[in-house]
Structures are given as C-alpha cells and as structure tokens.
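Here are a few short exercises to help you find your way around a new model. Try each one on the display before you read its solution.

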Amino acid sequence: MFSRRIRYNIYDMAYFKKNDNSFVCAVCGHSVGELKYSSRDHCSECLCSLHVDNLPGDRENGCGGVLRPVSAIRNQKGFVIIFRCEKCGEIKKNKAAEDDNMPLIIELTAKPFKTDKN
Ligand SMILES: [Zn+2]
Ligand SMILES: [Zn+2]
C-alpha cells in the first residue's frame with residue numbers, strides 16, 4: 001500500500017469524488033476497489049463517505065465533512081445505510097454495496113434511527 005502512496009497523492013483531493021473508481025478511504029485508509037455494477041459512494045470497510053453530493057453522484061455539495069454511518073435499514077432490495085455528516089449534521093442515505101462490510105451493517109441495523117420521512 002505504501003509503495004503506491006506517491007501515485008495516490010495526486011488524487012488526494014479526488015477521493016470519493018469519482019464514480020465507480022477505486023480509491024483509498026480518507027477515514028480508515030482502506031484501499032477500496034472498483035465497484036463493477038454501480039457507482040461507489042462509500043468505503044466498503046468502515047462505510048464512511050464524504051459529504052460531497054446534494055443528489056447521489058452530483059458532487060455539487062462543498063461541505064466535505066465525513067459522513068459516518070449511524071444506522072442501517074433493510075428493504076426489499078437490500079440494505080440502506082444512513083449517514084450523518086460530522087461537519088454539518090445532514091442525514092444522508094445510500095444503498096449498501098455487495099461487498100460492503102456486512103457484519104458492520106448488521107450491527108448498524110440494531111441501532112434504530114428515525115428520520116422525518118419514516
Ligand atoms: Zn474506510
Ligand atoms: Zn456536511
């Protein structure tokens with residue numbers, strides 16, 4: 001991992017900003033591989049993301065705070081992870097990816113979280 005450090009440095013500002021590309025997690029340092037079937041929006045290991053979107057993938061939000069997973073819910077299609085931004089407090093939801101840290105997601109489902117919509 002450290003041998004690739006120089007190569008990654010030029011992308012420091014781009015972590016989390018690219019859709020469906022591999023990146024190094026700015027929170028836990030995990031090398032997150034490409035997601036083949038959809039756009040990757042959070043770390044598969046610690047599930048953290050960065051607050052850069054207004055709508056998923058638009059990269060229009062300049063907040064840049066760390067979105068920490070606070071809960072997860074299961075629906076017909078799979079798991080949805082609920083995040084809270086450490087910086088601005090906004091609540092975001094994202095679909096879990098196939099290779100996400102499942103034990104952590106299960107743990108999060110045990111933490112009930114209510115939003116205005118449910
Ligand atoms: Zn991570
Ligand atoms: Zn934010």
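**Exercise 1.** Work out in which sense E3 and strand E4 pair, and over how many bridges.

*Solution.* Start with E4, which covers residues 66–75 in this predicted model. E3 and E4 run antiparallel to each other, and two bridges link them. For one bridge, look at Leu50: its partner in E4 is Val66.

**Exercise 2.** Find the order of the strands in the open sheet, then explain why strands E3 and E6 each have a side without a neighbour.

*Solution.* First, trace the four strands: the order is E3-E4-E5-E6, with antiparallel pairing. Next, go to the edges, where you'll meet E3 (49–50) and E6 (91–95). Each of these has a single partner strand, so one of its sides has no neighbour in the sheet. Now add helix H2 (residues 102–109), which packs on the sheet and touches E4 and strand E5 (78–85). The direction of H2 makes about 75° with that of E4.

**Exercise 3.** Which residues touch the most other members of the largest nonpolar core, and which strand gives the largest share of that core?

*Solution.* The core has 13 residues, and Cys43, Ala72, Ile81, Ile82 and Phe83 touch the most other members. Both E4 and E5 supply at least two core residues. The largest share is three residues, and it comes from E5.

**Exercise 4.** List what Phe83 contacts, leaving aside neighbours within four places in sequence.

*Solution.* Set those neighbours aside, and Phe83 is in contact with Ser49, Leu67, Arg68, Pro69, Val70, Lys92 and Asn94.

Notes: Residues numbered from 1 in each chain as written. Chains lettered and ligands numbered in written order. Predicted model: local features only at pLDDT ≥ 70, side-chain atom pairs only at ≥ 80, totals over all residues. Pairing = 2+ DSSP bridges. Contact = placed C-beta atoms within 7 Å. Axes fitted to C-alpha atoms, helices over the stretch in contact; angles between N-to-C directions. Core = buried A, V, L, I, M, F, W, Y, C linked by C-beta atoms within 7 Å. Buried ≥ 20, exposed ≤ 12 C-beta atoms within 10 Å, placed from the backbone.
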